[in-house]
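Work through the exercises below with the sequence and the model side by side. Each one sets a task and then gives a solution in steps.

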Amino acid sequence: MSTGNMNLTLKIWRQKNTKSKGELVDYKVANISPDMSFLEMFDVLNEQLITKGDQPIVFDHDCREGICGMCSMFINGRPHGPKNGITTCQLHMRSFKDGDTITVEPWRAQAFPVIKDLTVDRSAFDRVISAGGFISVNTGNAQDANNLPIPKANADAAFEAAACIGCGACVATCKNASAMLFVSAKVSQLALLPQGQPERYKRVQNMVAQMDAEGFGNCTNTGACEAECPKGISLENIARMNRDYLSAKFVSQEEA
Amino acid sequence: MSSLSKAFSSSIGKKVIMGITGLFLISFLLVHCFLNAFVFFNDNGLMFNIGAHFMATNWFIRAMEFVLMGGLLLHIVQGARLTFQNNAARPVKYAVANGQANSKWYSRSMGLLGTLLLIFLIVHLGNFWVVSRFTGIPTHDANGHEDLYAVMKKTFENVWLVALYALSMISLGYHLLHGFSSAFQTMGWNHKKYTPLIKCIGLWFSILIPLLFAIMPIAMYFNCIK
């Protein structure tokens, strides 16, 4: 199992369910390898807990290679821990020192209620997507590739926006628990491409309305989201969404 | 609710109100600072009083005073609402939050800086605006203009007021340092060619304007301006 020499103290948020009041509980782990991922260290801790007959700590994880966006964890005051541009599964124990105390909390936002321990309900994001983060197409044969010419710069910017994995680190780190970076990435990836044009202004209005309805806070442009995003989604997307939203509301005559 | 009022009550609409009123207040600061800088003519306030006389009698300026009061109130009320709403968006706070790792402290403290500025503003309006509009400026200068300069000299004999004014300008500087470029971002004016320029102008604006404002009471207290 563990073959390293790191001994750590963990302060981990334990919460039975959405309604109950949680608290930080201290745990010790020993002989942790610096080559382990942060989630593997949690696996070691959970095995200890299970062996003792305790409840293991519930945390979200899936692909463990930084592409699914499932793993969360607010580690020592930052989403996905102390490194930039990675998810928690890509964080390794060599980023910490032997003897460290590490505090691990769930994403905290009104719109992300805790389900249990470190797992939060991020379905608010799904509802924002359902409100307009798609294109309506008729089914039929696939078009020939490159049928629709797209400028390279637009294709690149759309691709960069589409890199968003919906992990929620932007909401978690924002002092206002605002979801603007996420929503703007989902708006931008379609607003930049010809396929997204017919529904462009309806989409932005519906998605922003849903974002507001979910109880996310208001963006104050601190830039924390961009700095903590594991996929490097840029604040330019927020400006683009604001532009589209304002032209939809104040220029377009179409009601969403 | 009509479609336009719905737009203004959305999260982006609320920010737009902050941005527009903020940019308007920035333009006011520029005029205010330019006219106040007339004290540096060192002519016992003659030029300054000419400026003050113009501002007090020109119909356009007087009309804009109402717009300014409206804009200021909107900025304050909306700012307070946003601060409370944003606070409520995270009912359970983090035990450990490392904000300095990803953002500037002043960008996270606009509510606090704004509150400090509001306290300053109440004192400031009491010192000058109430005097020139309501209670009356007691003396006249050599040109026969109301001597607002004398009121200023008298006010800045008080070391505590001088300190309050100078310290408040630090709050103003940091408030502007975030607010100036943030207003452009909110309006969607983010552009690879212009954003670096906006940030640069914002930086210099937030240093120079508060610095000039702060020098005035300090220089008067130490009798460097005659």
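**Exercise 1.** Find what share of the contacts in chain B with a separation of 6 or more comes from residues 24 or more positions apart.

Solution. A contact means heavy atoms within 4.5 Å, and residues 24 or more positions apart make up 76% of the chain B contacts with a separation of 6 or more. This is a predicted model, in which local features need pLDDT of at least 70 and side-chain atom pairs count only at pLDDT 80 or more, while totals for chains, interfaces and linings use all residues. Residues are numbered from 1 along each chain as its sequence is written, chains are lettered from A and ligands numbered from 1 in the order in which they are written, and side-chain values use heavy atoms, with hydrogens and water left out.

**Exercise 2.** Describe the helices and strands of chain B, and then its burial.

Solution. Counting DSSP runs from the N terminus (helices are H or I, at least four residues; strands are E, at least two), chain B has nine helices and zero strands. Its C-alpha atoms fill a box of roughly 60 × 40 × 40 Å along the principal axes. Of its 226 residues, 43% are buried, where buried means under 20% relative accessible area with a 1.4 Å probe, protein chains only.

**Exercise 3.** Determine how many residues each chain brings to the contact, and how much area is buried.

Solution. Chain A brings 47 residues and chain B brings 37 residues. Together they bury about 3,400 Å², 53% of it on carbon and sulfur atoms; this is the accessible area (1.4 Å probe) that the two parts lose on being put together, summed over both. Within chain A, the residues losing the most area to chain B are Arg108(A), Asn218(A) and Asn221(A), which together account for 18% of what that side buries.

**Exercise 4.** Locate the largest nonpolar core and say which helix gives the largest share of it.

Solution. A nonpolar core is a set of buried Ala, Val, Leu, Ile, Met, Phe, Trp, Tyr and Cys residues joined through side-chain atoms within 4.5 Å. The largest has 45 residues, and Val171(A), Val183(A) and Phe216(A) have the most contacts inside it. Several helices of chain A each supply at least two residues, as does helix 2 (11–36) of chain B, but the largest share, six residues, comes from helix 5 of chain A. Leaving aside residues up to four places away in sequence, Phe216(A) touches ten residues' worth of neighbours that include Phe112(A), Val171(A) and, from the other chain, Ala89(B).

Methods: Buried < 20%, exposed > 50% of the residue type's maximum accessible area, 1.4 Å probe, protein only.
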